[in-house]
Structures are given as structure tokens and as C-alpha cells.
Amino acid sequence: MHLISLKNIYSKQLPNMPKEYIVRLLLHYSHKSVVLLKRNGTVMGGITYRAFTPQGFGEIAFCAIASSEQVKGYGTRLMNYTKEYAVTMDHLSHFLTYADNNAVGYFT
Ligand code: COA
């Protein structure tokens, strides 16, 4: 249920991404998602990545926070949790991503 809520946030926040593509990656066994929840259980956003463990890096596929919760520091917090998890659980040292001009400011 959390993944489906996250899918809805991604498709709203990333309107150029086809919904079918989002669902295919989000529900694929090789991809992991870190989901940020409110205390009441509402999904506020998330990051989906694929771990390439032997090569030591992860590829971030999607990253979004619901519009009502943006610019409050949640994206930063989510990214920090994701890095911590990737380092300790997946033993990754790097993240790669492909970002368009709208996203470059956030990732740099
Ligand atoms: N464009 C550029 N920079 C942005 C931004 C945007 N749309 N939204 C936030 N930022 C900046 C903030 O100014 C802040 O910078 P600072 O630390 O220098 O002040 C930094 O990103 C982190 O802000 P924060 O409040 O932690 O981020 P957030 O909770 O608003 O989440 C996104 C940031 C990018 C996840 C959120 O804006 C979002 O979901 N955007 C739409 C989807 C998207 O573009 N995803 C990234 C590509 S997949």
C-alpha cells in the first residue's frame, strides 16, 4: 500500500515520467524504496533506487516529496536516511542518477 501511495506521489511530481514506467521500476524486485511516513501513516515521499552491490553503487530512479510537504527539509532528511541505509545494508559507496534541468539543483 505504501508503494502504491508513493507511485501516486511520483506520478504527480514527475509528470514527464509515464505511469507504467514508474510502476514497472517501483515494483521490480531489483529496486528498493525508502518511504517517508507521517506519524499517522500517510506517505510523504520517497526514494527508489537499484543497488549494484558488486560494483558498490546505487542508481537513484525516482525521488519526490508530496507538494504540500516540500521545502520543509523532508527531502534532505529522506536522502540522508537513504544514504545511511545504502552504506550500512547494501554496502554501497556511491549513488548515480540521471537528472534533468529541474532536478539538477536538488542533486548538486
Ligand atoms: N528545485 C531545485 N531545488 C529545490 C527544489 C526544486 N524543485 N525543491 C527544493 N529544492 C532545494 C531546497 O531549496 C533546498 O536547498 P538548500 O538546502 O540549499 O536550501 C534543498 O533542495 C533541500 O530542500 P528540502 O526541503 O529538503 O527538499 P524537499 O523536501 O522540498 O524535497 C524534492 C526536494 C526535489 C524531492 C522535491 O522538491 C520534489 O519532490 N520535487 C519534484 C520531484 C523532483 O524533481 N525530484 C527530483 C528528481 S527525480
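**Notebook: ligand site and sheet**

I began at the ligand and found one of its oxygen atoms 2.8 Å from a polar backbone atom of I65. I note that the model is predicted.

I next looked up K72, where a backbone N or O atom lies 3.2 Å from an oxygen atom of the ligand. For T76 the atom concerned belongs to the side chain: an N or O atom there is 2.6 Å from a ligand oxygen. I then checked how far the protein covers the ligand, which on its own has 880 Å² of accessible area; the protein covers 63% of this.

Which elements give two or more residues to the shell around the ligand? I recorded strand 3 (57–65), helix 3 (74–88) and helix 4 (101–107). Helix 4 gives the most, with 4 residues. The ligand has 16 residues around it, and I listed C63, V71, G73, G75 and T76 as those that come nearest. By class, I found that the shell residues divide into 9 nonpolar, 6 polar and 1 charged.

**The sheet**

I turned to the strands. They form an open sheet of 4 strands in the order 1-2-3-4, and the pairing is mixed. Strand 1 (31–37) and strand 4 (94–97) stand at the edges; each has a single partner strand, so one side of each is left without a neighbour in the sheet. From one strand to the next, the twist averages 30°.

I went through the pairs of strands in turn. As a reminder to myself, strands of a sheet pair through backbone hydrogen bonds, either parallel or antiparallel.

- Strand 1 and strand 2 run antiparallel and are joined by 7 bridges. I looked up V34 and found that its bridge partner in strand 2 is I47. The hairpin of these strands has 5 residues between them, and in it G41 takes a positive phi near 95°.
- Strand 2 and strand 3 also pair in the antiparallel sense, over 8 bridges. Here I found R50 opposite E59 in strand 3. This hairpin has 4 residues between the strands, and G56 takes a positive phi near 75°.
- Strand 3 and strand 4 run parallel, with 4 bridges joining them. What stands opposite E59 in strand 4? I identified L96. E59 thus faces R50 in the antiparallel pair and L96 in the parallel one.

**Helices on the sheet**

Finally, I examined how two helices lie against these strands. Helix 1 (residues 2–13) lies across strand 1, strand 2 (43–52) and strand 3, and I noted that it runs at about 95° to strand 2. Helix 2 (residues 19–26) packs on the sheet and touches strand 1, strand 2 and strand 3. The direction of helix 2 makes about 130° with that of strand 3.

I closed the entry with strand 3, which gives residues to the ligand shell and is touched by helix 2.

Definitions and conventions:
Residues are numbered from 1 along each chain as its sequence is written. This is a predicted model: local features need pLDDT of at least 70, side-chain atom pairs count only at pLDDT 80 or more; totals for chains, interfaces and linings use all residues. Side-chain values use heavy atoms; hydrogens and water are left out. A residue is near a molecule or strand if one of its heavy atoms lies within 4 Å of it. A polar contact is a pair of N or O atoms within 3.5 Å; within protein, one must be able to donate a hydrogen and the other to accept it, and residues adjacent in sequence count only if both atoms are side-chain atoms. Accessible areas come from the Shrake-Rupley method with a 1.4 Å probe; for residues, only the protein chains shown count as cover. Ala, Val, Leu, Ile, Met, Phe, Trp, Tyr, Cys and Pro count as nonpolar, Asp, Glu, Lys and Arg as charged, and the others, Gly among them, as polar. Two strands pair if DSSP finds at least two bridges between them. Axes are lines fitted to C-alpha atoms, for helices over the stretch in contact, and angles run from 0 to 180 degrees between N-to-C directions. Contact means heavy atoms within 4.5 Å.
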